[in-house]
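The exercises below concern a predicted model of a protein chain. Please inspect the sequence and the coordinates before reading the solutions.

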Amino acid sequence: MTGKTHASCGLLVGALTIEYFQTDLFTSITVITLAVISSLLPDICHAQSKIGRRFKIISFIVRKLFGHRTFTHSILFMAIIAGLLYFIQSPIYYLVTIIFGLLSHVILDMLTPRGVKLFYPIPISVRFPLVFKTGGLVDGALASALTFGALYVLFQPFFIELISKWL
Ligand SMILES: [Zn+2]
């Protein structure tokens, strides 16, 4: 999937997290930012990705060490990040938004023909039975739908008020 699709999904994860935990404004902004970063982070192994271009050296090291779409797209990676966050006693809403952001990335990549090495270091590619081409029509539609979903969750009280005024 494109970086745009991943970021939209991250936005939705962040919106749902702040909705669920009812966080204050400052925390909410942090939660959404972390979700979007996490939703892009696994592609640090890819030099041409949004995040890979920004952190060239880290991207290079990760790619040399593990290859593309392997370690950073695995359950192992998510478990290590969760462990680290737990260790530094990160608030639960930060932990949730980061882990679900990462998870959203992996799930979306499982919808592409190439799949992901979910069980790295076990070298099997995992993907859904139904897959879509990156940058294709479905990818683009998915990005729009996810953004719309995120905006709806974020502005839900406003929408409800608007509708109730009209009725
Ligand atoms: Zn990826």
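Three exercises follow, each with a worked solution.

**Exercise 1. Determine the secondary-structure content and the overall dimensions of the protein chain.**

Solution.
Step 1. Count the elements: the protein chain contains seven helices and zero strands. Read from the N terminus, their order is α-α-α-α-α-α-α.
Step 2. Assess compactness. For 167 residues the globule rule gives 15 Å, and the radius of gyration of the protein chain is 17 Å, close to that value, so the chain is as compact as a globular protein of that length.
Step 3. Add the extents: the C-alpha trace spans about 55 × 40 × 30 Å along its principal axes.
Step 4. Consider burial and contacts. Of the 167 residues, 34% are buried. Among contacts with a separation of 6 or more, 60% join residues 24 or more positions apart.

**Exercise 2. Identify which residues of the largest nonpolar core touch the most other members, and which helices each supply at least two residues of this core.**

Solution.
Step 1. The largest nonpolar core has 32 residues, and those touching the most other members are Leu11, Leu12, Ala15, Val31, Ile32, Ala35 and Val36.
Step 2. At least two residues of this core come from each of helix H1 (3-21), helix H2 (25-40), helix H6 (92-109) and helix H7 (137-166).
Step 3. Take isoleucine 32 as an example. When neighbours within four places in sequence are set aside, its contacts are Leu11, Gly14, Ala15 and Ile18.

**Exercise 3. Establish what span H7 has between its end C-alpha atoms, where its kink lies, and how many of its residues are buried.**

Solution.
Step 1. Compare spans. At 1.5 Å a residue, a straight helix of 30 residues would span 44 Å, whereas the end C-alpha atoms of H7 are only 36 Å apart.
Step 2. Locate the bend: H7 has a kink of about 75° at phenylalanine 155, shortly before proline 157.
Step 3. Examine burial. H7 is hardly covered, with three buried residues among its 30. These are Leu142, Leu146 and Ala150, and they pack against H1.
Step 4. Consult the record. An unreviewed UniProt entry lists residues 25-45, 66-86, 92-111 and 141-163 under "transmembrane region". Two of these spans may be checked against the model. Residues 66-86 are 62% helix and 0% strand, with end C-alpha atoms 25 Å apart. Residues 92-111 are 90% helix and 0% strand, and their end C-alpha atoms lie 29 Å apart.

Conventions: Residues numbered from 1 in each chain as written. Predicted model: local features only at pLDDT ≥ 70, side-chain atom pairs only at ≥ 80, totals over all residues. Helix = DSSP H or I, 4+ residues; strand = E, 2+ residues; numbered from the N terminus. Rg over C-alpha atoms; globule rule 2.2 N^0.38 Å. Buried ≥ 20, exposed ≤ 12 C-beta atoms within 10 Å, placed from the backbone. Contact = placed C-beta atoms within 7 Å. Core = buried A, V, L, I, M, F, W, Y, C linked by C-beta atoms within 7 Å. Expected span 1.5 Å × (residues − 1). Bend = angle between axes of the 7 residues up to and from the residue. UniProt positions renumbered as here; feature names shortened; annotations may be inferred.
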